[in-house]
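I opened this entry to go through one chain by eye and by list. The items to look up were strand pairing, ring contacts, nonpolar cores and unusual backbone angles.

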Amino acid sequence: MPQASAPVQPPPAAQASASSRQAGNPPAPSTASTPEAYTPTEPDFHLPSPLPSEGEFPAPPSAPPAAAQPQPQPQGPDPRSLPPADPRIAPRASADPRAGAAAAPAAPRCTVCGRTGAEVDGRCVDCAKPDPGDRDHVERGLGTVAAVSDLGRRHHRNEDSFSVGNTALPDGTPAVVAVVCDGVSSSSRPHEASEAAAYAAAAFLLAALPRGMAGEQAMHEAVLVAAEAVNQLADAQREPGRNAPACTLVGAIAAGGQLTVGWIGDSRAYWVPLDRAGAARLTEDDSWAAQMVAAGLLSEAEAMADHRAHAITAWLGADAQDVEPHTATFQPDRPGVVVVCTDGLWNYAEGADQMARLVPEGSRSTPLPGAQRLVKHALDAGGHDNVTVALIPFPPPRPAPGREGES
């Protein structure tokens, strides 16, 4: 989960913006300045009236002995003597004696690992994951793209979000979109920020691409639309003294033989060819670590080992300065898979070669199981953060137009 950073010197990290690059070559550095740092009861019931005490009633007159009569069976209390029913307490239904024994309910199936079994303290006995809420574990699979998001093992709330979909260019060429966002944990309502940004960006892309807007221009505009959606969440009166909602964003478009990525923050995109040769990271982090490496002050290993490594220097939110989206376009020369993810995954596979080794065989034809496996890897490795990953097969197959995203 990214944190806000303090100003750093010397010069800021490189910002990439390139067009028609070959996959495997990182975006070229830019001289754009880095934005300023982020400173970031129990219901009542009625008792019956007390019975009269002994001696309150007159003694009955004496009568001659009578023949013994059969004793009547005990009857229930006279309903006229009972207190009125409390309308707040619903009557308890009696079992219908005509009904047979109820069928045993089916064993619950864990929505995380998929196994059927028992739960202990609300957790699956197999994978130990709690029964997920609406966003604790989310999966979407469209065939042409798939995404999985999980709470992780250390956090009480999933602050990641994604939106995926497919459409077509004006000439009928299929186009696939994936947007992944990570809420900034030091901001207020980061889960709302990531959701708003992911939905807004994907919605824009899925509307702009069929109208003929070029991929890199569409991605640039989509990031700005997402930024405005997050800005609208700011409420200084509701949350005085707190940082406005904020998040990172990374998106990818696969269409027409090209792969376009756009980002703000430290969420990443990777290119993994089918043969695993020439895997590449397609994005450059907006982070303290990246600045130190770009300035030549620290090696990447040294920078990532520092506690300030994940402090971001650019984000979406009302507290951000001028948002300058990074975009880059590549033309892969072979089939493969695009991995779009938050740091909850890449923390356990930072390098492109490491990520390539993790992507399961068959992910290009069945991306959802591939995304599930990648999330499981992060959880098995510790799951210290929320983890979200989307997989886009490249080139994308031709689907029926449609869209699905997280809500």
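I began with a single bridge: E139 has V148 in β6 as its bridge partner. The model is predicted, and I keep that in mind for every entry below.

**Sheet**

I then looked up the strands around that bridge. β5 and β6, the latter covering residues 146–150, pair in the antiparallel sense over five bridges. I followed the pairing outward and found an open sheet of six strands, ordered β5-β6-β17-β16-β11-β12, with antiparallel pairing. Which strands are at the edges? They are β5 (137–141) and β12 (280–281), each of which pairs on one side only.

Next I checked what packs on this sheet. Helix α7, residues 367–380, does so and touches β5, β6 and β17 (387–394). I noted the angle between the directions of α7 and β17 as about 150 degrees.

**Rings**

I searched the whole structure for aromatic pairs and got one. Its members are W271 and F394, with ring centres 5.8 Å apart. The planes stand at 90 degrees, over the 60 that the class requires, so I filed the pair as edge-to-face. W271 belongs to strand β11 (residues 268–273) and F394 to strand β17, so I looked up how far apart they lie in the chain: 123 residues.

Are these two residues buried or exposed? W271 has a relative accessible area of 2% and is buried. F394 is buried too, at 4% relative accessibility.

I also looked at a charge over a ring. The charged end of R268 lies 3.4 Å from the centre of the W346 ring and sits over that ring.

**Cores**

How many residues does the largest nonpolar core have? I get 29, and the residues with the most contacts inside this core are Y270, V339, C341, L345, M355, V389 and L391. I listed the elements that each supply at least two of its residues: strands β11, β16 (336–341) and β17, and helices α3 (288–294), α4 (300–305), α5 (343–346), α6 (352–358) and α7. The most comes from α7, which gives five residues.

I picked L345 for a closer look. Leaving out residues up to four places away in sequence, L345 touches V339, M355, L374, A378, V387 and V389. I then noted a second, separate core of 28 residues, with C181, A197, A202 and A227 among them.

**Backbone**

Most residues other than glycine have a negative phi, and most peptide bonds are trans. I went through the exceptions.

The peptide bond from F394 to P395 is cis, with omega near -5 degrees. I placed P395 in the loop between β17 and β18 (402–405). F394, on the other side of this bond, is the residue I had already met in the aromatic pair with W271.

R189 is not a glycine, yet its phi is positive, about 45 degrees. I found R189 in the loop between β8 (174–183) and α1 (190–208). Its relative accessibility is 9%, which counts as buried.

R276, also not a glycine, has a positive phi of about 70 degrees. R276 is in the loop between β11 and β12. I looked up its accessibility last: R276 has a relative accessible area of 23% and is partly exposed, because the buried class ends at 20%.

Notes:
Residues are numbered from 1 along each chain as its sequence is written. This is a predicted model: local features need pLDDT of at least 70, side-chain atom pairs count only at pLDDT 80 or more; totals for chains, interfaces and linings use all residues. Side-chain values use heavy atoms; hydrogens and water are left out. Two strands pair if DSSP finds at least two bridges between them. Helices (H or I, at least four residues) and strands (E, at least two) are DSSP runs, numbered from the N terminus. Contact means heavy atoms within 4.5 Å. Axes are lines fitted to C-alpha atoms, for helices over the stretch in contact, and angles run from 0 to 180 degrees between N-to-C directions. Rings of Phe, Tyr and Trp (its six-membered ring) pair if their centres lie within 6.5 Å; planes under 30 degrees apart count as stacked, over 60 as edge-to-face and the rest as tilted. Buried means under 20% relative accessible area, exposed over 50%, partly exposed in between (1.4 Å probe, protein chains only). A charge sits over a ring if NZ of Lys or CZ of Arg is within 6 Å of the ring centre and within 35 degrees of the ring normal. A nonpolar core is a set of buried Ala, Val, Leu, Ile, Met, Phe, Trp, Tyr and Cys residues joined through side-chain atoms within 4.5 Å.
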